[in-house]
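Let's take a walk through this chain, starting with the whole and then settling on one helix. Keep the viewer open as you read.

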Amino acid sequence: MTLTRLLPSLRRTLSDPISHDLWPEATIVTTTDVVVSGISLLRLVEVCGTPCIHSGAAIVPGTNGRPSDTAKTAVLVVRVTDVMLRASGDTVIETDARLDNLRLIWSETRLINRASTAHSGVALIAGRPVDQELAFTADVASVDLPLDLTVGDLLAIPSRSFPGHQPAWLSALE
């Protein structure tokens, strides 16, 4: 449990912590942005739109930030396109990207375009557009996010990397 989870108003001055081993090298978080190797993800969205990615060297786990010589990883930035409250009480979020076949680290998802002071809770992120009448499938991720998400918010989500290679979807973009 972090201070920003207990007292969400602190998010205006204190960024939510990240697990540095799960993000690309030289990742720094602020209250409203994530900067990867000196590049602001908010600025990247201004230039490229969403969805967009920024890649970098993966961190060798347990080395206090030493970048890998071979493995790459990336951060995907998506825009929230819909926020629905289902009859079950679940908050369901849709984005402008299809997220069902990517190896994303959902526990590290960050809201980046504003500092929310709302309490966090479990939100379901749909991997593909949701049919309001159908039940969910395995294409839904459960994520701890501020519960005041709105259409237009930006989410930064790192991807998994493995020693010696990079995510297949990242390789396909090169």
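**From the surface to one helix**

This is a predicted model, and its accessible surface comes to about 9000 Å², with 54% of that belonging to carbon and sulfur atoms. As for the inside, 43% of the chain's 174 residues count as buried.

Now trace the fold. You'll find 3 helices and 10 strands, and reading along the sequence gives the pattern α-β-β-β-α-β-β-β-β-β-β-β-α. Contacts reach a long way along the chain, too: take those between residues at least 6 apart in sequence, and 63% of them join residues at least 24 apart.

Next, zoom in on helix 2, which spans residues 41-48. Which of its residues are buried? Leu41, Leu44 and Val45 are. Look down the helix axis and these buried residues fall within an arc of 100°, so they line one face of helix 2. The spacing fits a general rule: an α-helix has 3.6 residues a turn, so residues three or four places apart point the same way. Swing round to the other side of helix 2 and you meet Glu46 and Val47, both exposed.

So what sits over that buried face? The cover includes strand 2 (34-36), strand 3 (39-40), strand 4 (52-59), strand 5 (67-85) and strand 10 (154-158).

Finally, check the two ends. At the start of helix 2, Ser40 has a side-chain oxygen that comes to within 3.2 Å of the backbone nitrogen of Leu42. Just past the helix, Gly49 adopts a positive phi of about 80°.

Definitions and conventions: Residues are numbered from 1 along each chain as its sequence is written. This is a predicted model: local features need pLDDT of at least 70, side-chain atom pairs count only at pLDDT 80 or more; totals for chains, interfaces and linings use all residues. Side-chain values use heavy atoms; hydrogens and water are left out. Helices (H or I, at least four residues) and strands (E, at least two) are DSSP runs, numbered from the N terminus. Buried means under 20% relative accessible area, exposed over 50%, partly exposed in between (1.4 Å probe, protein chains only). Contact means heavy atoms within 4.5 Å. Accessible areas come from the Shrake-Rupley method with a 1.4 Å probe; for residues, only the protein chains shown count as cover. The arc is that of the directions from the helix axis to the C-beta atoms. A polar contact is a pair of N or O atoms within 3.5 Å; within protein, one must be able to donate a hydrogen and the other to accept it, and residues adjacent in sequence count only if both atoms are side-chain atoms.
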